[in-house]
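Me: Could you walk me through this protein model step by step? I am new to reading structures.

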Amino acid sequence: MIENYLLEELVTFQRMGTLKKTAAHLAVTQPTVTRGMQKLEDGLGVKLFDRHPNRLELTAAGELAAKEAAAVLRRQELMVNRVQNFVAQNQALTIGAVVPGPLIILKRLAGAPLFNHQVDERLVEPERVPEELTDDRLGMVFTTTDLTGPDLIS
């Protein structure tokens, strides 16, 4: 299994273009990044870099690895957010709306012994409602349109 810091170093190298800039951006030493890139190559068993005097550049395999590493890191961040949102939803139902009326009524019910709920005071853009629900940022949304999707009930 490849450690996250190695993926972060690779993605940062692709973006920055040099070991020096990568190290500065990550607040580590240049030898640390060099060792990390070597460890990543060893772990994958492929050559990720073409080494030139005073210069390092990604091979085609390195470009692909950097692209895949960025996707893994994004997916991991999404997973963390979804788990945290899920836990928050199970502690209190977070309710949103695309129009202000339901939010006004729900705020007046705050503290009533109906159920444990929180009101998200921002208005949700109608096209973002499915994403807000499936990512567990909201547990329920008052909307003016029917929702469709395998994980949505309208």
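Me: Thanks! To begin, what span should the 13 residues of α1 have at 1.5 Å a residue?
Reply: Happy to help, and keep in mind that this is a predicted model. The expected span of a helix is 1.5 Å times one less than its number of residues. The end C-alpha atoms of α1 are 18 Å apart, which agrees with the span expected for its 13 residues, namely 18 Å.

Me: Which residues of α1 are buried?
Reply: Here a cut-off helps: a residue counts as buried when its relative accessible area is under 20%. In α1, that group consists of L6, L7, E9, L10, V11, T12 and F13.

Me: Which residues touch the most other members of the largest nonpolar core?
Reply: This core has 19 residues. Its members come from several places, with α1 (4-16), α2 (19-26), α3 (30-44), β2 (55-58) and α4 (60-91) each giving at least two. The residues that touch the most other members are L10, F13, F49 and L58.

Me: Leaving aside neighbours within four places in sequence, what is F13 in contact with?
Reply: F13 is one of the buried residues of α1, and it also belongs to the largest nonpolar core. Once its neighbours within four places in sequence are set aside, its contacts are T18, L19, T22, F49, L56 and L58.

Me: Which residues line the second largest pocket?
Reply: This pocket holds about 150 Å³ of space. Its lining divides into three nonpolar, four polar and two charged residues. We meet F13 again here, since the lining is made of F13, G17, T18, L19, K20, Q30, N54, R55 and L56.

Me: Which elements give two or more residues to the lining of the second largest pocket?
Reply: The lining includes L19 and K20, and α2 covers 19-26. It also includes R55 and L56, and β2 covers 55-58. The elements asked for are α2 and β2.

Me: Is N54 buried or exposed?
Reply: N54 sits in the loop between β1 (49-52) and β2, and its phi is positive, about 60°, although it is not a glycine. Most residues other than glycine have a negative phi. A residue counts as exposed over 50% relative accessible area, and N54 has 86% relative accessibility, so it is exposed.

Me: Where does A27 lie?
Reply: A27 is another residue other than glycine with a positive phi, near 60°. Its relative accessibility is 71%, so A27 counts as exposed. Its place is the loop between α2 and α3.

Me: Which element supplies the largest share of the lining of the largest pocket?
Reply: About 250 Å³ of space lies in this pocket, and 13 residues line it, with L133, G139, L147, L152 and I153 nearest its centre. Two elements, α6 (129-134) and β5 (140-142), each give two or more residues. The largest share, three residues, comes from β5.

Me: Which residues does the second, separate core include?
Reply: This core has eight residues. Two of its members, L147 and L152, are also among the residues nearest the centre of the largest pocket. The core includes V98, V129, L147 and L152.

Me: Leaving aside its neighbours within four places in sequence, what is D135 in contact with?
Reply: D135 lies in the loop between α6 and β5. Its relative accessible area is 14%, so D135 is buried. With neighbours within four places in sequence left aside, its contacts are L78, R82 and N85.

Conventions: Residues numbered from 1 in each chain as written. Predicted model: local features only at pLDDT ≥ 70, side-chain atom pairs only at ≥ 80, totals over all residues. Heavy atoms only, no water. Core = buried A, V, L, I, M, F, W, Y, C linked by side-chain atoms within 4.5 Å. Buried < 20%, exposed > 50% of the residue type's maximum accessible area, 1.4 Å probe, protein only. Helix = DSSP H or I, 4+ residues; strand = E, 2+ residues; numbered from the N terminus. Contact = heavy atoms within 4.5 Å. 1 Å grid on protein atoms, 1.4 Å probe; cavity = no way out; pocket = protein on both sides within 12 Å on 5 of 7 lines; lining within 4 Å. Points joined across faces, edges and corners; volume = space filled by probe spheres on them. Nonpolar A, V, L, I, M, F, W, Y, C, P; charged D, E, K, R; others polar.
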